[in-house]
Amino acid sequence: MAKTWLSIDVELLSGRGNTLWPRPGRSFLVGPSHTFADLAGAINTAFARWDLAHLSVFTLADGRTITDEESAEEFAASEFGPLQETLDFTRVKVTRTVKPGDEFRFTFDLGDDWTHKCVVAASKVDPVAMFGETPRRLVAHWGWGAMPDQYGRRWPNDDGTEATPPEPKTVEPMAGRFWPDDAERPFVDARDLRAATAARDVDRLVAALLGRQIDEALQLSGAGLSMALDRDRDKVETMALSVVNRLTFRGFPGDSELSAALLAKLRNEPAPGRDLDVDIEMLSMVHEGSFDESDGGYIDLETGDVIDAMVVDYGDADIDVSEDPDRWARFDRAETRDAWKDMEAFVSGLRDPEIRDRGLMAIEGTGAFRRFRRFTDDHDLGDRWMQFSDDRKYGRARLILAENGIRVV
């Protein structure tokens, strides 16, 4: 038989708050027909678990999670972490998902967190050459560690004559609660979201969102998913629910309004507000002050056009809001305090405590905006700040729409 089976080493890293060393483990042969559910069952059996009424969850190196169907839907709609693709482990084949040299994590019981490191051997295996016949099920072919171990091995090549190897001084990254580390995951690119939304390309939108940290661009993500729900609901339904949960949890200005609109669409209910096509980007620009002299603007409730108040007051003689006041919705310019709150929210969300403290110091007192610009330059946060700032501005613009009875997506 051709070498088509994988050999996967599984080591127990920790459980119930304790780190294990030496790490007990088993090596499994996995064939083309075996699913991740089969692998979970084999691991739990080999590691002597008798109460199996707990979750089994695999996490791949790209952040995807694989678990039972019901839990997969809950994970996909989570309001925390990067937006992830979560798969049903009864359907996904192991050999089609991982390859020699790959590493992934297996966690059993999310209360006690029995965490395992899984490493696919560099070479595939011929099971007939090893066993004399093709095994009927996924099978363990090697083992070590106290579970107890059949042969008393404490690490893969332990022969009982050597002292215990020293424990590594560095912490195994996979032993942490969150792996891969969110800080190492890329942020969503607002340009990709805008392009996919404008082109009404659902596949492009999904590719732009999955595996990315989206929590600093939820307003833009929500607008794209609203489009996608109209075009291919099945493909983005759980993603949209995740964004609803994230908006609700975050609670920035305009978040509850966008959340309500998306939730209505998920429920096949009419979105709140009158149907009027308003350019949210233009509304945001005018509201934030496109001219220093401007004090706000107007929304044309017939066409959806957004017009700067300065143009109405001093520029365009054809616009006279006093002639038909019911046609125009007036809004004031955003306050300087709003821009300061944006900086405070951005800095408060930074994970590195030292950088966060520097940012909080930079925005205190006179000259806060100038020091903040220098702070973002010094820490290479300029692009991320601009995306975050736009998201806050879009939220305030959607709040204006909601206050005037206009739908926000």
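Here a visitor asks a guide about a predicted model of a protein.

Visitor: Hello! How many helices and strands does the secondary structure come to?
Guide: Welcome! Keep in mind that this model is predicted. Its secondary structure comes to 14 helices and twelve strands.

Visitor: What is the radius of gyration of the protein, set beside that of a compact globule?
Guide: Let us begin with the span of the C-alpha trace, which is about 95 × 45 × 35 Å along the principal axes. A compact globule of 409 residues would have a radius of gyration near 22 Å. The value for this protein is 27 Å.

Visitor: What percentage of the residues count as buried?
Guide: A residue is called buried when its relative accessible area is under 20%. The accessible surface of the whole protein comes to about 21500 Å², and 48% of that belongs to carbon and sulfur atoms. Of the 409 residues, the share that count as buried is 45%.

Visitor: Among contacts between residues at least 6 apart in sequence, what share join residues at least 24 apart?
Guide: A contact here means heavy atoms within 4.5 Å. Taking the contacts between residues at least 6 apart in sequence, the share that join residues at least 24 apart is 66%.

Visitor: How far apart are the mean positions of the positive and negative charges?
Guide: The protein has 51 positive and 77 negative charges. Between their mean positions the distance is 6 Å.

Visitor: Is the aromatic pair of phenylalanine 36 and phenylalanine 104 stacked or edge-to-face?
Guide: The structure holds 13 aromatic pairs. In the pair of phenylalanine 36 and phenylalanine 104, the centres are 6.0 Å apart and the planes make an angle of 80°. Planes over 60 degrees apart count as edge-to-face, so this pair is edge-to-face.

Visitor: Which helix and which strand does that pair link?
Guide: The two residues are 68 residues apart, in distant parts of the chain. Phenylalanine 36 has a relative accessible area of 0%, and phenylalanine 104 is also listed at 0%. The elements linked are helix 1 (residues 36-46) and strand 7 (residues 103-108).

Visitor: Which helices does the pair of phenylalanine 346 and tryptophan 385 tie together?
Guide: This pair is edge-to-face, with 5.4 Å from centre to centre and 65° between the planes. Both phenylalanine 346 and tryptophan 385 are buried. The pair ties together parts that are 39 residues apart in sequence, because its members lie in helix 11 and helix 14.

Visitor: Which residues form one aromatic cluster?
Guide: Phenylalanine 346 and tryptophan 385, the pair we just met, both belong to the cluster. Its full membership is Phe252, Phe346, Phe372, Phe375, Trp385 and Phe388.

Visitor: Is arginine 246 buried or exposed?
Guide: Arginine 246 sits in helix 7 (residues 233-250). Residues up to four places away in sequence aside, it touches several others, including Glu79, Leu83 and Asp215. Its relative accessibility is 2% and the cut-off is under 20%, so arginine 246 counts as buried.

Visitor: How far apart in space are leucine 83 and phenylalanine 388?
Guide: Leucine 83 lies in the loop between helix 2 and strand 6, and its relative accessible area is 0%. In sequence, leucine 83 and phenylalanine 388 are 305 residues apart. In space, C-alpha to C-alpha, the distance is 17 Å.

Visitor: Where is leucine 258?
Guide: Leucine 258 counts as buried, at 0% relative accessibility. Leaving aside neighbours within four places in sequence, its contacts include Leu218, Arg398 and Val409. The place of leucine 258 is in helix 8 (residues 255-266).

How values were computed. Residues numbered from 1 in each chain as written. Predicted model: local features only at pLDDT ≥ 70, side-chain atom pairs only at ≥ 80, totals over all residues. Heavy atoms only, no water. Helix = DSSP H or I, 4+ residues; strand = E, 2+ residues; numbered from the N terminus. Rg over C-alpha atoms; globule rule 2.2 N^0.38 Å. Buried < 20%, exposed > 50% of the residue type's maximum accessible area, 1.4 Å probe, protein only. Areas by Shrake-Rupley, 256 points an atom, 1.4 Å probe, with all protein chains shown as cover. Lys, Arg positive; Asp, Glu negative; His and termini not counted. Charge placed at Lys NZ, Arg CZ, Asp CG, Glu CD. Phe/Tyr/Trp six-rings, centres within 6.5 Å; stacked < 30°, edge-to-face > 60°.
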